[in-house]
Amino acid sequence: MDVICHCAFGMDTDMENDLDNELMAKAAVIFKQDIERMLLTKLSRLMPWLTPFLTQLVLCQMAVFRGLHKLAPTIFPDMFDKIPRFWLLSRVQQVIDARTTSSAMTKRVDLLQLMLDTNVTRCEGTIHERGLTNDEIKANVFLFMVAGFDTTSTIFAYSTYILATEPEIQKKLQAEIDDQHGKELDYDTVTKMEYMDLFLREVLRMYPASTAAITRVCNETTTVCGHNIHKGSIIQPDILTVHYNYDLWGPEDPNRFVPERHATKRHSMALLTFGAGPRICIGMRFALMEIKMGLAHLLRHYVVLPGEHLEAGFQLRETFVIQPDAVYIKLNKRH
Ligand code: HEM
């Protein structure tokens with residue numbers, strides 16, 4: 001969350017060291033919610049044509065809360081702030097306000113600034129196309145926080161599980177990092193680490209954290225492999241079946257962790273952890289770099305060892321992402 005806040009929105013937070021950070025606490029509550037269990041989600045899954053009406057319902061609810069809060073702040077003092085989702089959105093608004101009222105000198109080059117600048121450039125140009133509205137920018141900031149936080153940290157957690165259970169693989173990664181002879185682990189050095197890349201791809205194959213995010217609406221009635229698919233149907237690919245398919249990932253057993261299998265060119269849709277096509281995860285490269293950088297720093301200084309309960313594996317739970325309930329590891333300082 002520190003990384004997303006800093007790189008995308010220029011917010012310098014230190015949630016890593018400040019465990020009581022309010023933003024972190026509220027975000028954790030939001031991420032714990034199982035959206036699949038929420039009535040509105042269930043209804044829109046059952047009756048997709050209801051989705052636009054349900055979306056409007058949520059927006060109206062927010063507008064009413066906001067209105068009540070503005071009209072009678074003393075009667076409804078923290079009503080808005082008590083709901084973590086709304087609290088986070090109002091903090092996001094503060095970030096936008098701070099940026100739009102600050103002088104040009106304090107402007108930073110980041111995602112937020114790019115979104116804010118769409119307004120300026122489009123208005124000055126002759127093309128009468130509108131830029132992003134305030135609500136669209138706010139929604140995007142919120143989406144980036146949600147989409148970029150739990151996903152990356154979950155993949156990091158799976159990675160540490162593999163490191164603790166596959167010591168030989170860990171040694172190979174450390175050898176690659178040690179080959180840098182203490183050089184700074186920056187974008188250039190980490191991008192060149194070939195085994196690190198294979199390792200991470202294998203983690204992403206075995207543990208695709210976000211299997212439900214890649215749904216699509218069928219926009220034309222069609223037949224695929226003898227199945228009739230009607231226009232308007234919601235299609236959700238079964239990513240785990242694809243990722244563990246022997247024809248796509250053999251000859252090594254797809255149930256085993258074998259980074260080297262990624263050195264062979266595979267079908268372009270064989271790895272779907274970040275989705276595919278024009279709506280593929282926009283943060284993919286950022287996430288890959290973030291995880292590689294984190295792993296490289298960790299393994300330069302520490303050896304990851306199994307913790308007390310690691311042999312029992314972990315239970316999976318699904319909220320925004322599919323994640324392990326806990327990964328028990330120990331860290332031993334190297335050298
Ligand atoms: C390992 C980490 C991550 C995983 C596994 C992941 C996974 C996904 C998946 C499966 C989708 C849907 C793609 C599709 O429909 O084809 C998606 C979309 C998206 N992701 Fe990620 N993501 C990760 C990290 C990030 C990060 C770090 C950010 C932001 C910095 C981010 C921002 C987004 C956004 C904004 C979308 C929506 C894109 C669109 O609809 O056009 N993700 N992600």
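Helices here are DSSP runs of H or I with at least four residues, numbered from the N terminus. By that rule, T51 lies in helix α4, which covers residues 51–71. The model I am showing is a predicted one.

I will stay with T51 for a moment. T51 has 16 C-beta neighbours inside 10 Å, and because a residue is called partly exposed when its count falls between the exposed limit of 12 or fewer and the buried limit of 20 or more, T51 is partly exposed. Along the chain, T51 and L40 are 11 residues apart, and their C-alpha atoms are separated by 8.5 Å.

Now the overall picture. The protein has 335 residues, and 20% of them are buried. Its secondary structure comes to 14 helices and 8 strands. If you take the contacts between residues at least 6 apart in sequence, 61% of them join residues at least 24 apart.

Next, the ligand. How many residues surround the ligand? The number is 23, and the closest are G148, T151, G275, C281 and G283. Two elements give two or more residues to this shell, namely α8, residues 134–165, and α14, residues 284–301. Which element provides the largest share of the shell? That is α8, with 7 residues. Sorted by class, the shell has 15 nonpolar residues, 7 polar ones and 1 charged one.

One of those closest residues deserves a slide of its own. C281 is covered by a UniProt annotation reading "binding site", and the entry is unreviewed. In the model, C281 sits in the loop between α13, residues 246–249, and α14. Is C281 buried or exposed? Neither label applies: C281 is partly exposed, because 18 other C-beta atoms lie within 10 Å. Leaving out residues up to four places away in sequence, C281 touches F274 and G275.

The loop between α13 and α14 also holds P251. A cis peptide bond joins G250 and P251, with omega about 0°. As background, most peptide bonds are trans, and most residues other than glycine have a negative phi. On the second point, there is C225, a residue other than glycine whose phi is positive, near 50°. C225 is found in the loop between β2, residues 222–224, and β3, residues 227–229. C225 counts as exposed, because it has 4 C-beta neighbours inside 10 Å.

Back to α8, this time for its helix packing. I have two pairs to show.

The first pair is α1, residues 2–9, with α8. Their axes come within 10 Å and cross at roughly 145°. The crossing of α1 past α8 is right-handed. On the α1 side the contact is made by I4, A8 and F9, and on the α8 side by V141, F144, M145, G148 and F149. By class, this contact divides into 7 nonpolar residues, 1 polar residue and no charged ones. G148 appears in this contact, and G148 is also among the closest residues to the ligand.

The second pair is α6 with α8. Here the axes are 10 Å apart and the angle is about 115°. This crossing, too, is right-handed. Which residues of α6 meet α8? They are L88, L89, V92, Q93, V95 and I96, and they meet N134, I137, K138, V141 and F142. The contact of α6 with α8 has 8 nonpolar, 2 polar and 1 charged residues. V141 of α8 is listed in the contact with α6 and in the contact with α1.

While we are on α6, which covers residues 84–101, S90 lies in that helix. S90 is partly exposed, because 14 other C-beta atoms lie within 10 Å. S90 and R66 are 24 residues apart along the chain, with their C-alpha atoms separated by 9.9 Å.

The last residue is L316, in strand β6, residues 316–318. Why does L316 count as exposed? Because it has 10 C-beta neighbours inside 10 Å, and the exposed class takes 12 or fewer. Setting aside neighbours within four places in sequence, L316 is in contact with I322 and P324. L316 and F86 are 230 residues apart along the chain, and their C-alpha atoms are separated by 28 Å.

To close, two items to keep in mind. The shell around the ligand takes 7 residues from α8, and α8 also packs against α1 and α6. The annotated position C281 is in the loop between α13 and α14.

Conventions: Residues are numbered from 1 along each chain as its sequence is written. This is a predicted model: local features need pLDDT of at least 70, side-chain atom pairs count only at pLDDT 80 or more; totals for chains, interfaces and linings use all residues. A residue is near a molecule or strand if its C-beta atom, placed from the backbone, lies within 6 Å of it. Ala, Val, Leu, Ile, Met, Phe, Trp, Tyr, Cys and Pro count as nonpolar, Asp, Glu, Lys and Arg as charged, and the others, Gly among them, as polar. Axes are lines fitted to C-alpha atoms, for helices over the stretch in contact, and angles run from 0 to 180 degrees between N-to-C directions. A crossing is left-handed if the near helix is turned anticlockwise from the far one by less than a right angle, and right-handed if clockwise. Two residues are in contact if their C-beta atoms, placed from the backbone, lie within 7 Å. UniProt positions are given in the numbering used here, feature names are shortened, and annotations may be inferred rather than shown by experiment.
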